[in-house]
Every structure is written in C-alpha cells, then in structure tokens.
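Biologist: I have the model open and would like to go through it with you. Can we take it piece by piece?

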Amino acid sequence: MKSEFTVSDFMSQNVVVAGYHNKFSEALKFFSIHGMRHLPIVNEQEELVGIVSLKDLIRVIYTETQNNGSFLMDELNTKYHMGDLMTKNPITVNPETKISDALQLLQEVPFQALPVILNKKVVGIITNQDF
C-alpha cells in the first residue's frame, strides 16, 4: 500500500502541447477546444521548453486593446508566437514526486501549473485545481 500519494495519482494525462512556432490564434483555439488553462510548449524533439497560460494570452489582448483601441488576430499572429510568450524552463515535477511536495511548490511560486516530465517528455500536468 502506498504511504503517500504521488503526482501520477492526480495529474491530467493526455496533455495537449504546442510548439514554440505555433501562432497566437492556434493557442487560443487549443484553450477553447480543450477547456484548459495551461499549455506546455515543446521543441521539435517533443521536449518541454516552456509553458503559456490562458492568462498570458488575455494579457496580450488587453495590452493590444489598451494601446491600439482594438486588436486584429492577424496582427497578433504576426507579432506573437508561443516562443515569445512562454515562460521558459518552467519548474517541473515527475510522476513519482510526492503530492505534498508538488502542492508546496504550487504554493511557493507565482504560477498555477506544473508540467509532469518523464524522460524529457511531457506526460501530464498538475494544477492547483487538481487538489
């Protein structure tokens, strides 16, 4: 019997990821279709290089609207790719991380999601909503 739960007991699997060359509108579409709030960004080898939140995209839309009075999606697609918006090298956990350690991390850092990595690949994500 397990003495303590691990991240693998709570994480969301089958995580949708994007590449750092994905356009702004593609990321918005991922968030809309999949009902998620955090999008891991991977390189060509499918290794995690960053993470983007829905809040990050909303912030861009807000800033563009404040500066220009409105925004055009084509302009956002030209100006911003995920590599420009992502938080690089996010803090991660592995599936065997104790859930208490993951919860502690989420309380200490200013973000609400931890990508779960195994052999350099994203195998899940755990968020403050999973507790």
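Modeller: Ile99 counts as buried, because its relative accessibility is 12% (buried means under 20% relative accessible area, exposed over 50%, partly exposed in between, with a 1.4 Å probe and protein chains only). This is a predicted model, where local features need pLDDT of at least 70, side-chain atom pairs count only at pLDDT 80 or more, and totals for chains, interfaces and linings use all residues. Residues are numbered from 1 along each chain as its sequence is written, and side-chain values use heavy atoms, with hydrogens and water left out.

Biologist: Which helix does Ile99 lie in?

Modeller: Ile99 belongs to helix α5 (helices, H or I with at least four residues, and strands, E with at least two, are DSSP runs numbered from the N terminus).

Biologist: And what is Ile99 in contact with, leaving aside its neighbours within four places in sequence?

Modeller: With those neighbours set aside, Ile99 is in contact with Glu4, Phe5, Thr6, Val7, Phe10, Ile126 and Phe131. Contact means heavy atoms within 4.5 Å.

Biologist: Which residues of α5 are buried?

Modeller: In α5, residues 99-108, the buried ones are Ile99, Ala102 and Leu106. Viewed down the axis of α5, these buried residues fall within an arc of 60°, so they line one face of the helix. The arc is that of the directions from the helix axis to the C-beta atoms.

Biologist: Why would residues three or four places apart point the same way?

Modeller: An α-helix has 3.6 residues a turn, so residues with that spacing point the same way.

Biologist: What does the buried side of α5 pack against? And which exposed residues sit on the face turned away?

Modeller: The buried residues of α5 pack against β5 (113-118) and β6 (121-127). The face turned away from the buried side carries Gln107 and Glu108, both exposed.

Biologist: Changing topic. How many aromatic pairs are there?

Modeller: The structure holds two. Phe5 and Phe10 form an edge-to-face pair, at 5.7 Å centre to centre with 85° between the planes. Rings of Phe, Tyr and Trp (its six-membered ring) pair if their centres lie within 6.5 Å; planes under 30 degrees apart count as stacked, over 60 as edge-to-face and the rest as tilted.

Biologist: Is Phe5 buried or exposed? And how exposed is Phe10?

Modeller: Phe5 counts as exposed, because its relative accessibility is 51%. Phe10, with a relative accessible area of 32%, is partly exposed.

Biologist: What about Phe24 and Tyr80?

Modeller: Phe24 and Tyr80 form a tilted pair, 6.2 Å centre to centre and 50° between the planes. Phe24 lies in helix α1 (residues 24-34) and Tyr80 in the loop between α3 (73-79) and α4 (82-85), so this pair ties together parts that are 56 residues apart in sequence. Phe24 and Tyr80 are buried.

Biologist: How far apart in space are Ile99 and Phe24?

Modeller: They are 33 Å apart, C-alpha to C-alpha, and 75 residues apart in sequence.

Biologist: Leu28 is in α1 too. What is Leu28 in contact with, beyond its neighbours within four places in sequence?

Modeller: Leu28 is in contact with Leu54, Leu57, Ile61 and Met73, those neighbours left aside. The C-alpha atoms of Leu28 and Leu57 are separated by 7.6 Å, with their positions 29 residues apart along the chain counted as the sequence distance. Leu28 counts as partly exposed, because its relative accessibility is 22%.

Biologist: Now pockets. What volume has the largest pocket?

Modeller: Its volume is about 310 Å³. Of the 15 residues that line the largest pocket, His38, Ser53, Lys55, Phe111 and Gln112 are the closest to its centre. On a 1 Å grid over the protein atoms alone, a cavity is a set of points where a 1.4 Å probe fits but cannot get out, and a pocket is an open set with protein on both sides within 12 Å along at least five of seven lines; lining residues have an atom within 4 Å of a point. Grid points are joined across faces, edges and corners, and a volume is the space filled by probe spheres set on the points.

Biologist: Which element gives the largest share of that pocket's lining?

Modeller: Helix α2 does, with five residues.

Biologist: And what lines the largest cavity?

Modeller: The largest cavity, of about 30 Å³, is lined by Ile51, Thr87, Pro90, Ile91, Phe111, Ala113 and Pro115.
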